[in-house]
Amino acid sequence: MAEIEQTDPDFEAARARADELTTRILDLRDAYYDRDESLVSDAEYDAMMHELEDIERAYPELAGQDSPTQTVGGKADSTLFAPIVHAERMLSLDNVFSIDEFREWAARVDRAVARPVRWLCELKIDGLAINLRYERGVLTSAATRGDGVTGEDVTENALRIPGIPKRLSGEGHPELVEVRGEVYFPVAAFEELNAEQVASGDRVFANPRNAASGSLRQKAEGKSAKDLDLMRRRLSRLKMLVHGIGAWPDPPVAAQSEVYGLLASWGLPTSDRARVADSIDGVAEFIEHYGEHRHSVEHEIDGVVVKVDELALHDELGATSRAPRWAIAYKYPPEQVQTKLLDIVVSVGRTGRATPFAVMEPVRVAGSVVRQATLHNQDVVKAKGVLIGDTVVLRKAGDVIPEVLGPVVELRDGSEREFVMPRECPECGAVLAPAKEGDIDLRCPNTKACPAQVRGRVEHIGSRGALDIEGLGEVSAIALTPPHGPLTTEAGLFDLTLEDLAMIEVGGERPYRKIVKQARRDAPAEYGPSAAAEELIAELDKAKTKDLWRFLVALNIRHVGPVAARALASYFGSLEAIRAASAAELAAVDGVGPIIAEAVIDWFTVDWHVEIVERWAAAGVQWAIEGHAGPGGASASAGGVLDGLTIVVTGTIEGFTREEAEEAILSRGGKAAGSVSKKTSFVVAGPGAGSKLAKAGDLGIRILDAEEFRTLLAEGPSGL
DNA sequence: CACCCTCGAGTTCA
DNA sequence: CTCGAGGGTG
């Protein structure tokens with residue numbers, strides 16, 4: 001900031017006028033965003049802005065970054081969601097899941113520093129992380145966390161959140177400061193919002209975090225006045241609490257807890273539930289207290305964040321590439337709730353397995369509304385001892401998959417009845433039977449024609465691990481197969497025409513056709529294929545040239561998934577060679593044993609299976625790897641830089657999709673494994689990495705970020 | 001034969 | 001994510 005000596009009287013007058021305009025414009029802007037009041041007409045506002053811009057053009061030194069012409073508000077909506085690079089990386093936190101794990105972590109910190117540690121305990125809000133950038137005390141941008149390096153610009157919407165100050169009050173703001181906080185929907189406001197959504201027939205949000213995230217991502221562009229008003233009302237119900245600050249070389253305070261005092265004095269909202277504990281026991285007490293009183297707080301809590309309070313120790317302890325070493329997130333155990341078991345229904349999957357699942361009164365567990373949960377098989381139903389009509393205990397295993405734990409026996413009133421596994425397939429009526437003697441699972445034997453199985457197989461063909469066909473998912477699988485569509489088996493998949501699709505009717509709708517011409521309102525309409533129909537046909541055509549292994553997966557051979565299929569494909573090179581192979585020859589492939597070999601041979605003995613191969617071939621499928629030398633021939637792993645290495649990918653890796661990352665590993669001779677074990681050579685981890693990362697840490701396996709992964713791919717392990 | 005590693009399958013929700 | 005089971009190894 002070079003201060004230029006200016007004594008020119010014109011300049012002084014301009015400066016005074018600019019200051020006046022700036023104050024006025026910012027006041028108007030506050031009124032507009034905070035209270036939805038337009039105190040002057042748009043034209044008057046624009047005139048003021050133009051005058052200010054003119055002055056700044058004449059005297060560029062007046063056009064500081066805190067000028068309204070440079071800052072936010074009134075910016076075009078199109079800047080919404082544009083990428084914003086955070087001035088300083090937003091780290092995530094490592095997790096612990098029990099008090100014992102927490103004690104271990106705390107003990108490590110204690111050992112690492114030479115003096116007694118004070119711990120700052122805060123509630124971990126289940127919301128959306130946000131980064132607010134203030135330049136000379138004026139809000140210049142608001143961004144989501146994104147991958148920690150780059151987030152999405154949500155400034156326009158953040159301005160509408162009441163708790164976010166557009167200007168900091170008080171004194172001593174740094175030139176540039178990034179304030180980190182959490183945007184959330186208070187539980188009460190969230191329930192209100194959902195009630196309104198129901199009343200207006202809109203979809204309800206599963207949890208406050210999704211509501212917050214959805215609200216922040218709304219676009220004003222193209223909305224009617226009424227919808228705009230709704231959108232603003234939603235944003236005005238959001239709240240924010242700050243919980244940190246980006247780089248600040250010389251803070252005027254010595255402890256994180258004091259930072260909050262300072263931030264509060266600037267007008268930023270801070271939590272009044274943070275506590276400093278002098279001992280690890282004190283922290284444990286805090287954790288226990290809120291474990292029992294999770295629901296007495298106005299927002300949802302998914303844990304407790306414990307930070308080393310003294311700022312000097314933050315520098316001393318430092319950070320890993322993804323998380324600081326001076327803070328940890330304690331995650332509460334998965335929440336358990338009670339709900340009513342309305343019914344136990346049986347569904348049939350693509351392999352014909354009949355799976356009973358619980359249909360429950362919808363209930364919120366650990367952040368989302370659950371209405372169904374699998375019960376695996378009839379033995380599990382018995383083992384859990386649940387009766388239809390029971391009140392049951394439900395939880396989310398690993399916070400994701402709903403699981404029925406068991407009945408609350410004392411709440412029974414005698415009206416409950418036992419679940420009886422049906423003898424017949426609920427979809428096609430065939431008599432269910434175990435696949436082989438002694439199997440617990442019952443299967444529908446009507447493999448070829450059972451609608452549930454055909455539907456399941458078609459969906460599977462389109463899935464990511466098989467042919468990865470866009471536009472062929474669950475919904476289209478239902479549409480394409482009986483009773484709606486023409487595919488009595490998957491053999492006809494590649495023979496589908498636009499005309500076939502146009503005939504399909506699901507629930508009174510015809511999803512694959514649209515009106516192309518209609519002379520008058522009452523005249524008969526002319527129909528043509530919809531965009532979805534064109535896309536599906538094009539994608540099917542594109543799929544015909546995909547790799548052999550994908551087609552093997554698409555055939556739905558038992559036990560043959562992506563891994564076994566890749567092994568078979570690269571060993572034999574063509575479907576013909578696989579078909580000709582004996583059980584012993586098949587079992588010679590690494591990863592294939594007698595059971596898989598038998599399953600492959602059995603598959604080819606069924607007429608309608610062979611028909612699939614023939615009709616797909618007639619439609620243009622190659623069933624071979626070009627230039628493959630034949631059985632035992634070219635193996636994919638000849639001399640890659642990753643030969644002999646097993647690599648596990650977890651989280652999102654910048655620059656790669658999961659598939660691309662795995663492909664990159666395989667194509668260089670490495671093995672892309674799904675889980676971490678002693679045999680794992682490296683774990684490549686990005687944002688969103690879960691338990692695999694922790695496991696890698698336990699086993700002392702080297703963890704690579706996206707950058708190091710690239711090096712590994714280019715140069716092999718010696719390059720690291 | 002006992003173990004550990006993997007894979008495959010089913011599953012939930014935004 | 002978790003379960004069950006196949007495959008491979010010691």
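Buried means under 20% relative accessible area, exposed means over 50%, and partly exposed covers what lies in between. The model treated in these exercises is a predicted one.

**Exercise 1.** Determine which accessibility class Arg 136 belongs to, and describe the salt bridge that Arg 136 forms with Glu 175.

*Solution.* Arg 136 has a relative accessible area of 35%, and because this value falls between the limits of 20% and 50%, the residue counts as partly exposed. Its partner Glu 175, at 46% relative accessibility, is likewise classed as partly exposed. In the salt bridge between Arg 136 and Glu 175, the closest N and O atoms are 3.3 Å apart. The pair links distant parts of the chain, with Arg 136 in the loop between β4 and β5 and Glu 175 in the loop between α4 and β7, 39 residues apart.

**Exercise 2.** Work out which parts of the chain are tied together by the salt bridge of Glu 122 and Lys 307, and whether these two residues are buried or exposed.

*Solution.* The side chains of Glu 122 and Lys 307 meet at 3.1 Å, N to O. Glu 122 lies in strand β3 and Lys 307 in strand β10, so the bridge ties together parts that are 185 residues apart in sequence. Glu 122 is buried, with a relative accessible area of 8%, and Lys 307 is buried with a relative accessible area of 8%.

**Exercise 3.** Identify the strands that each supply at least two residues of the lining of the second largest cavity, and sort that lining by residue character.

*Solution.* The second largest cavity has a volume of about 40 Å³, and its lining includes Ile 84, Asn 131, Ser 141 and Glu 178. The strands that each supply at least two lining residues are β1, β4 and β5. By character, the lining divides into three nonpolar, three polar and two charged residues.

Notes
Residues numbered from 1 in each chain as written. Chains lettered and ligands numbered in written order. Predicted model: local features only at pLDDT ≥ 70, side-chain atom pairs only at ≥ 80, totals over all residues. Heavy atoms only, no water. 1 Å grid on protein atoms, 1.4 Å probe; cavity = no way out; pocket = protein on both sides within 12 Å on 5 of 7 lines; lining within 4 Å. Points joined across faces, edges and corners; volume = space filled by probe spheres on them. Helix = DSSP H or I, 4+ residues; strand = E, 2+ residues; numbered from the N terminus. Nonpolar A, V, L, I, M, F, W, Y, C, P; charged D, E, K, R; others polar. Salt bridge = Lys/Arg side-chain N within 4 Å of Asp/Glu carboxyl O. Buried < 20%, exposed > 50% of the residue type's maximum accessible area, 1.4 Å probe, protein only.
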